[in-house]
Amino acid sequence: MQPKKLTPPNDDKRWRLVGATMRKHGFLPSALIETLHTVQEAFGYLDDQSLRWVALNLRVPLSRVYGVATFYNYFTLKPQGEHTCVVCLGTACYIKGAPDILEAIQAQEDIKPGETSADKKVSLLIARCIGACGLAPAVVYDGEVVGKLGPEQALARINAWRANKAEEVAHAAG
Ligand code: FES
């Protein structure tokens with residue numbers, strides 16, 4: 001009997017990539033490391049939600065999944081910034097200008113992938129194909145996939161996070 005995949009945590013298409021890896025390995029516990037790799041490549045990091053979903057699907061205790069995720073330093077746990085920005089560096093996005101986007105964000109925020117800005121507003125991550133190649137180059141802002149971006153537009157999104165915050169503060173004060 002073909003094992004059945006549990007429903008993903010939400011309708012983010014990137015779960016399909018993760019599901020495909022688990023299915024390829026018959027949802028066996030031995031697929032854990034490869035599955036976590038797929039999560040990281042698609043999302044840029046591992047968070048509680050993804051670790052739980054993988055644990056349930058592969059029938060591996062959550063403690064073991066956390067153990068593996070924290071043991072290997074090539075896995076990144078969810079970063080500390082208030083917002084996360086994941087730049088896809090998969091082939092399609094790379095060809096269509098993702099390196100320029102990455103460079104612009106790095107320069108503006110003075111951070112490298114895996115780091116968080118000094119004011120803790122923005123964490124920058126990279127992923128390898130998030131399954132939206134038709135939108136290349138794609139960036140994921142707090143879970144929202146945005147495509148066909150240039151460096152200026154990519155920065156504008158980040159700047160909007162700070163501007164909105166400033167507006168909220170002004171509103172609360174006024
Ligand atoms: S290469 Fe970026 S979405 Fe596929």
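What follows is a chat about the strands and cores of a predicted model.

Colleague: What are the ground rules here?

Modeller: It's a predicted model, with local features needing pLDDT of at least 70 and side-chain atom pairs counting only at pLDDT 80 or more, while totals for chains, interfaces and linings use all residues. Residues are numbered from 1 along each chain as its sequence is written, and side-chain values use heavy atoms, with hydrogens and water left out.

Colleague: Why is E1 called a strand, and why mostly covered?

Modeller: Strands (E, at least two residues) and helices (H or I, at least four) are DSSP runs, numbered from the N terminus. E1 spans residues 83-88. Buried means under 20% relative accessible area, exposed over 50%, partly exposed in between (1.4 Å probe, protein chains only). Six of the six residues in E1 are buried, so "mostly covered" fits. His83, Cys85 and Val87 point one way, Thr84, Val86 and Cys88 the other way.

Colleague: How do you know that E1 and E2 pair?

Modeller: Two strands pair if DSSP finds at least two bridges between them. E1 and E2 (residues 122-127) have six bridges, so they pair, and they run parallel. One partnership there is Thr84 with Ser123 in E2.

Colleague: And what makes E3 a partner of E1?

Modeller: Three bridges join E1 to E3 (residues 139-141), in the antiparallel sense, so that pair qualifies too. Val86 has Val140 as its bridge partner in E3. E3 also pairs with E4 over three bridges, again antiparallel, and Tyr141 has Glu144 as its bridge partner in E4.

Colleague: Why are E2 and E4 said to stand at the edges?

Modeller: The open sheet has four strands in the order E2-E1-E3-E4, with mixed pairing. E2 and E4 (144-146) each have a single partner strand, so one side of each is left without a neighbour in the sheet.

Colleague: What makes a set of residues a nonpolar core?

Modeller: The members must be buried Ala, Val, Leu, Ile, Met, Phe, Trp, Tyr and Cys residues, joined through side-chain atoms within 4.5 Å. The largest such set has 29 residues, and Cys85, Val87, Ile105 and Tyr141 have the most contacts inside it. E1, helix H6 (98-109), E2, E3 and helix H7 (151-173) each give two or more residues, with H6 giving the most, five.

Colleague: Which residues does Ile105 touch?

Modeller: Contact means heavy atoms within 4.5 Å. Leaving out residues up to four places away in sequence, Ile105 touches Cys85, Val87, Asp110, Leu124, Leu155 and Ile158.
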